[in-house]
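Got your viewer open and a selection box ready? Here is a short walk through this structure, one stop at a time.

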Amino acid sequence: MERKVVFPQKLLPYLLLAPQIAITLVFFFWPAGQAIWMSTLLQDPFGFSVQFVGLENFQAVLQDPAYLSTMQRTFLFSFGVTALSMIPALLLAVMADRVVRGATAYKTILVVPYAIAPAVAGALWLFLFQPSIGTIAYPLRLIGIDWNPRIDGTDAMIVVLIASAWKQIGYNFLFFLAGLQSIPKSLIEAAAIDGAREIRRFWTIVFPLLSPTTFFLLIVNLTYAFFDTFGVIHAVTQGGPGKSTEVLIYKAWYDGLIAQDLGRSSAQAVILMFIVIGLTVIQFRYIERKVHY
Amino acid sequence: MAAQLDTPMTKSVRRDWVPHLVIAIGIFITAFPLWVAFVASTLSNPEIAQAPMPLLPGDRAAANYGEALWQGGRSGRIMTPPVWEMMFNSTVMALSIAVGKIIISILSAYAVVFFRFPFRMAFFWMIFITLMLPVEVRIVPTIQVITNLNMMNTYAGLTIPLIASATATLLFRQFFLTIPDELVEAAKIDGAGPMKFFRDVVLPLSVTNIAALFVILFLYGWNQYLWPLLIGTDARMQTIVIGMSKMIDSAGGPTDWNMVMATAILALLPPVLVVVLMQRWFVKGLVETEK
Amino acid sequence: MAEVSLSRVRKVYPGGVEAVKDIDIAIPDGALCVLVGPSGCGKSTLLRMIAGLETITEGDCRIGAGRVNDLDPSDRDIAMVFQNYALYPHMTVYDNMAYGLRNRGTPKDEIEARVQEAARILEISPFLDRKPRALSGGQRQRVAMGRAIVRKPQVFLFDEPLSNLDAKLRIQMRVEIKKLQRALGVTSVYVTHDQLEAMTLADILVVMSKGHVEQQGSPLDLYEKPASTFVASFIGAPPMNLIPVGAGENGPQAPGLTGGRGLAVPAGGATLGVRPEHMIVATGPVPDDALGITFPVSAVEAVGAETFVYGPIGGTGQEIIARLPGKALLAPGTPVSVAAAAEHLHLFATDTGKRLGP
């Protein structure tokens, strides 16, 4: 889409664009280019010599069992967070859609966690699950479950999973509710007249009509779980115990900054770049479709 | 007639409490961790340690918050700077990022939409592509750039690199495209040049979009984690979110949970207040920025 | 006040499309010139070229004595009323009208006086503090007019200002615009696609088609002596009947046609034009120089004051319309004979569509 009527000035638009373009070049394109370049280099551990190795770093990374298990863990974690935040949100939205009064107040409360930093959300849930003192861990111990995210990898994973999903429920709720409210009531009434019971109505009419929203949220939540949960993991488990909560972003950060393995960490960064590009392309294709019908 | 009306009404009354119950459970799950955190922030450490922890606020609220704010978050062996300093850093960061992003995005969107010039679309795509280059994929080289520019541990380093924004530029572009051509022509005839038109017409018309973006971007800036972790390594430059997470001793040493929770509450209060007070713009912002 | 003149004006878009071809129009001081034509004929482009919103590829545009081709719109001393009014949505009615004056550095009390005066004339004084969205379509239209008036420009430009209004309001505003333009005596250029609006408003009527001027002159000149079949069918409603005729011994020849003696039809034939309203029911013999048409009635539309009668002529399938006064009691299927006087007959060349003879 383009405007027909524009201003004739020739220099002014460049001045207006200059700040954004300068920042983009210096802090986005230059480092991204560096990351790609570094991913093809091998540096000796003391930093004395650098050698061009082509795609060897990628080969090494993708053949590294530790990396592959981190990738597997990341996918499990991401789909876990997505399911755990979307399913309750859908249920809540369906219920709120029926409530005439109070919907706004519900919205206000439910969306609060979205405003909270991932790391802070992680801390709140870590506290609830603290062995011996946590308000949730304590009753669990009474019934014989010795919950300890400091020692047990699964326990730790569940805590970061819950904290990450909890933050996102209100967001998904808002979009599901908006989606539900945009379904014409006449369609649902028609289905009711056709004799469809409530549950059946939901699965045959409402849910299919909601599918654009669902798909959109799926992508948004996957992106969130992939990239924005670094704070939860860093604050709560530091990727541990062992490597049991280490996800791809965390590993890229750890290998690059703590382990200082620049070549391999850059190769990881480039792989992540491809994942972002994939997710962005899917997201924008979806939006294009939304615009066109 | 009365009998006919009766059945659906009782039915709806009976069913009415199910949604309320489900939503009540949802609200409980939402609020419970916040409530427990708040209660913990008003207790002494021994009170927290005596399992089960009380679920009603204690009397150490003033003492805990006072200590955290003015003396520093002390937790076991870890000391952070006074929380007010970290909140100040967070505020500077959140406000600079929100305002900076809005300013440079609205200007670039204005340039791309209201002018024709060579490489216009190339610039537009350059801005768009930044969507695909989050900090997470360029950690090490970005630190090198920041170091070379002497921007480590400065407010400039914490904020300027984050104020490029494809999302905000796209949003403003989308909105600018809906401004009728005739309005621009009327302004030309009324003797308004491009910057006058921007100030007198475009800016006032963008107010709701700016408010919506501000809420979203304030959250974005306040809740940053990886960036301040990389750039604000000096304790002086620590944000409250980073400070709070440093107070949790992940090595399993003693953690003063009342201090951690007081800091956590202080860390979540500003963004939560912004969302609650600016609810209308927040929802609009969410919907618009995802378009 | 000033005259507006366009000489040999052309507009060629970068793609090579010629939107406006070699146009010469001279509008005397204080006159209202209407540009009319179907959509895409270049009338709006021409108006926007006068406004300075489009560049002029070739030729001269003068307002008063000076050539304005290279002046910014704001320096041409013009004011424009847009089709969708183009009011600034966030400004009050008062600010909408005052904005252009403020940009020119007009003193505050002068602005106040002019805005109040315009508001009084247009009867929008009670709405000065409102935003445009709180106004009806007609009121917005008045504000748009007010914004033009307060500037006291040399020229008013109107770009289909009434087409967003409903039919009743359109007629009312049409009358008001005419009165206002007369009273202020400001030279005006008015673009419309509505021929009735064009006829009623124009001092000078310019009919355009495909980027060029088909004919210009006073509305009645155009009605009485259309220069081409295009103008003939564009001006007047229902449009002029255009009937292909051959050259007979004493005039035009076509099935169902009689008379028309004295019309010089060229050997290859021509197009004969006669307006629906110039036909009367023939009760007796038709004079030789008048035209007689006999056709079977296919449809009748009685609207009270007059009756429209439709029917095919001479088995060619071409339909003609007669506009008969009063209630003509005709039943579909019955034949009818109508006649038109010699002075109401027009002849056009078959190939070019240009008028033949006087």
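## First stop: a pair in chain B

Select Asp234(B) and Arg236(B): their side chains meet in a salt bridge, 3.4 Å from N to O. Keep in mind as you look around that this is a predicted model. Is Arg236(B) buried or exposed? Arg236(B) has a relative accessible area of 51%, so it counts as exposed. Its partner Asp234(B) comes out at 29%, which makes it partly exposed.

That pair is one entry in a longer list, with 23 salt bridges over all chains. Let's visit a few others.

## Where A meets B

Now show chains A and B together. On the A side, 93 residues are in the contact, and on the B side, 108 residues. Pick out Arg3(A), Phe7(A) and Phe27(A): these lose the most area to chain B, together 10% of what the chain A side buries. The area buried between the two chains is about 9,200 Å², and carbon and sulfur atoms give 77% of that.

How many salt bridges are there between chain A and chain B? The count is one. To see a salt bridge here, select Arg3(A) and Asp181(B), whose closest N and O atoms are 3.1 Å apart. Next, color helix H1 of chain A, residues 12-38: this helix brings 21 residues, the largest share of the side of chain A that touches chain B. Coloring that side by residue class should give you 69 nonpolar, 15 polar and nine charged residues. If you'd rather look at polar contacts, there are 21 residue pairs of that kind between chain A and chain B.

## Over to B and C

Hide chain A and bring in chain C. Here 16 residues of chain B are in contact with 21 residues of chain C. Between them, these chains bury about 1,600 Å², with 63% of it on carbon and sulfur atoms. Highlight Glu185(B), Ile189(B) and Asp190(B), which supply 42% of the area that chain B buries against chain C, more than any other three residues.

Across this interface there are two salt bridges. Zoom in on Asp190(B) and Arg151(C), where the side chains meet in a salt bridge at 3.7 Å, N to O. Polar contacts between chain B and chain C come to ten residue pairs. Which elements of chain B give two or more residues to the side that touches chain C? They are helix H9 (181-189) and helix H10 (194-205). H9(B) gives the most, with seven residues. By class, that side of chain B has nine nonpolar, one polar and six charged residues.

## A network of charges

Stay here and select Glu185(B), Lys11(C), Arg48(C) and Glu54(C), four residues linked in a network of salt bridges. Within this group, the side chains of Glu54(C) and Lys11(C) meet at 3.6 Å, N to O. Glu54(C) sits in the loop between helix H1 (43-51) and strand S4 (58-63) of chain C, while Lys11(C) is in strand S1 (residues 4-12), so the pair ties together parts that are 43 residues apart in sequence. Both Glu54(C) and Lys11(C) are buried.

For another pair, jump to Arg120(C) and Glu117(C), joined by a salt bridge of 3.2 Å, N to O. Both lie in helix H3 (residues 108-122) of chain C, three residues apart, about one turn of the helix. Arg120(C) is exposed at 52% relative accessibility, and Glu117(C) is partly exposed at 38%.

## Inside chain C

Select strand S9 of chain C, residues 204-209. Six of its six residues are buried, so this strand is largely enclosed by the rest of the structure. Turn the view to see both faces covered: Ile204(C), Val206(C) and Met208(C) are on one side, with Leu205(C), Val207(C) and Ser209(C) on the other.

Add strand S3 (residues 32-36), which pairs with S9(C) in the parallel sense over four bridges. Look for Leu35(C), whose bridge partner in S9(C) is Val206(C). Then add strand S10 (residues 212-217), which pairs with S9(C) in the antiparallel sense over five bridges. Here Met208(C) stands opposite Val213(C). In the hairpin of S9(C) and S10(C), with two residues between the strands, find Lys210(C), which takes a positive phi near 50°.

## Last stop: an open sheet

Finally, show the five strands S12-S11-S14-S21-S22 of chain C, which form an open sheet in that order with antiparallel pairing. The edge strands, S12 (252-253) and S22 (355-356), each pair on one side only. Two bridges join S11 (residues 241-247) to S12(C), and Ala247(C) stands opposite Pro252(C).

Technical notes:
Residues numbered from 1 in each chain as written. Chains lettered and ligands numbered in written order. Predicted model: local features only at pLDDT ≥ 70, side-chain atom pairs only at ≥ 80, totals over all residues. Heavy atoms only, no water. Buried < 20%, exposed > 50% of the residue type's maximum accessible area, 1.4 Å probe, protein only. Pairing = 2+ DSSP bridges. Contact = heavy atoms within 4.5 Å. Buried area = accessible area lost by both parts, 1.4 Å probe. Polar contact = N/O pair within 3.5 Å; in protein donor to acceptor, adjacent residues only side chain to side chain. Nonpolar A, V, L, I, M, F, W, Y, C, P; charged D, E, K, R; others polar.
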